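Me: I am new to this structure and would like a close look at a single part of it. Please describe the strands that pair in the parallel sense, and then what lies beside them.

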Amino acid sequence: MEKLVILGSGPAGLAAAIYAARAHLNPLVIEGRMPGGQLMSTSAVENWPGEISILGPDLMQKLRSQALHLGTRFLSEEIISADLSSRPFKLTTHRHKELACEALIIATGASPKKLDVPGEDTYWGKGVTTCAVCDGSFYRDKKVVIIGGGDTAMENASFMTNFTKQITIVHILPHLTASSSMQERVVHNKDISIMYESTVTAIEGNATRVTDVIITHQKTGAQQKLPVDGVFVSIGINPNTVLFKNQLELDSYGYIKLKEHTMTSVPGVFAAGDVCDNRYRQAITSAGAGCAATLDAERFLKEDKLNKISQR
């Protein structure tokens with residue numbers, strides 16, 4: 001029987017583990033399919049407090065080392081089934097290891113939707129990214145392409161005007177799908193051009209960085225090569241909540257709904273980070289939420305213990 005299990009090892013999960021270990025909750029972190037989360041595929045991080053610039057994998061290693069130093073235990077497996085219908089909660093890993101826990105923190109994050117075109121994986125983190133807020137400053141006075149037509153794409157394009165006047169939006173439909181207010185930010189901006197009914201079908205580079213994209217018109221099939229320095233894939237993000245469908249209350253996009261602070265619809269189950277945050281999606285906000293989730297879990301476990309004592 002585990003007192004506290006944390007699912008996920010990104011900023012939210014590791015921050016939760018650090019606080020849990022210091023509170024003597026003896027946490028067990030299930031690292032999941034992608035240990036370290038999305039920062040493992042990023043280059044320099046320049047918006048983490050206390051670090052002028054640090055590689056994403058180095059930052060995650062620091063957090064993991066700190067959690068380990070404080071007594072956190074790690075299991076390098078992935079949860080394939082979860083039963084949250086009653087406490088203790090039951091979890092099964094892909095190696096058929098069965099776990100039970102009194103409290104659970106879900107920090108499984110989210111996965112950006114990809115184009116699945118040649119060159120995308122090769123240059124991921126080398127010019128291909130999803131977050132303008134995270135990486136925009138690296139493309140000052142550079143040519144960038146924003147792929148997508150929804151709110152996220154408009155946000156990325158609008159944010160990039162802080163750094164460059166060479167922004168191209170590529171959208172597969174003949175019209176944008178973003179809200180009217182978001183569209184107004186970009187459609188009349190002279191620094192942003194929009195290519196409708198088109199999509200990026202290949203990303204090319206020099207083995208070190210992105211140099212070009214191949215854009216294909218959806219109706220005519222005509223192709224053109226566009227020189228670029230950065231590609232922002234902005235076609236959506238999927239929260240990693242498949243395991244919890246029909247067990248936890250989710251919103252229409254699949255994000256975990258929080259009832260109060262970090263509490264989910266099931267008492268004893270808490271959530272933090274991108275798995276429940278479709279607004280900020282930053283490493284630092286995820287880490288803060290991970291801290292909050294542990295504080296809430298600690299309070300829950302204490303109150304549960306007192307209730308059991310009073311019922312004896």
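Reply: Two strands are said to pair if DSSP finds at least two bridges between them. The model discussed here is predicted.

The part in question is an open sheet of five strands, paired in parallel and ordered E10-E17-E11-E12-E13. The edges of this sheet are held by strand E10 (128-129) and strand E13 (192-195); each has a single partner strand, so one side of each is left without a neighbour in the sheet. For E10, the parallel pairing with strand E17 (residues 230-233) runs over two bridges. Within this pairing, valine 128 stands opposite valine 231 in E17.

Helix H4 (residues 151-160) packs on this sheet. The helix touches strand E11 (143-147), strand E12 (166-170), E13 and E17, and the direction of H4 makes about 165° with that of E11.

A second sheet may be set beside this description. Here three strands, in the order E14-E15-E16, form an open sheet with antiparallel pairing. Strand E14 (198-205) and strand E16 (223-227) are its edge strands, each pairing on one side only. From one strand to the next, the twist averages 25°. E14 pairs with strand E15 (residues 210-217) in the antiparallel sense over seven bridges. In that pairing, isoleucine 215 in E15 is the bridge partner of valine 200.

To return to the part requested: its pairing is parallel, and helix H4 packs on it.

Conventions
Residues numbered from 1 in each chain as written. Predicted model: local features only at pLDDT ≥ 70, side-chain atom pairs only at ≥ 80, totals over all residues. Heavy atoms only, no water. Helix = DSSP H or I, 4+ residues; strand = E, 2+ residues; numbered from the N terminus. Contact = heavy atoms within 4.5 Å. Axes fitted to C-alpha atoms, helices over the stretch in contact; angles between N-to-C directions.
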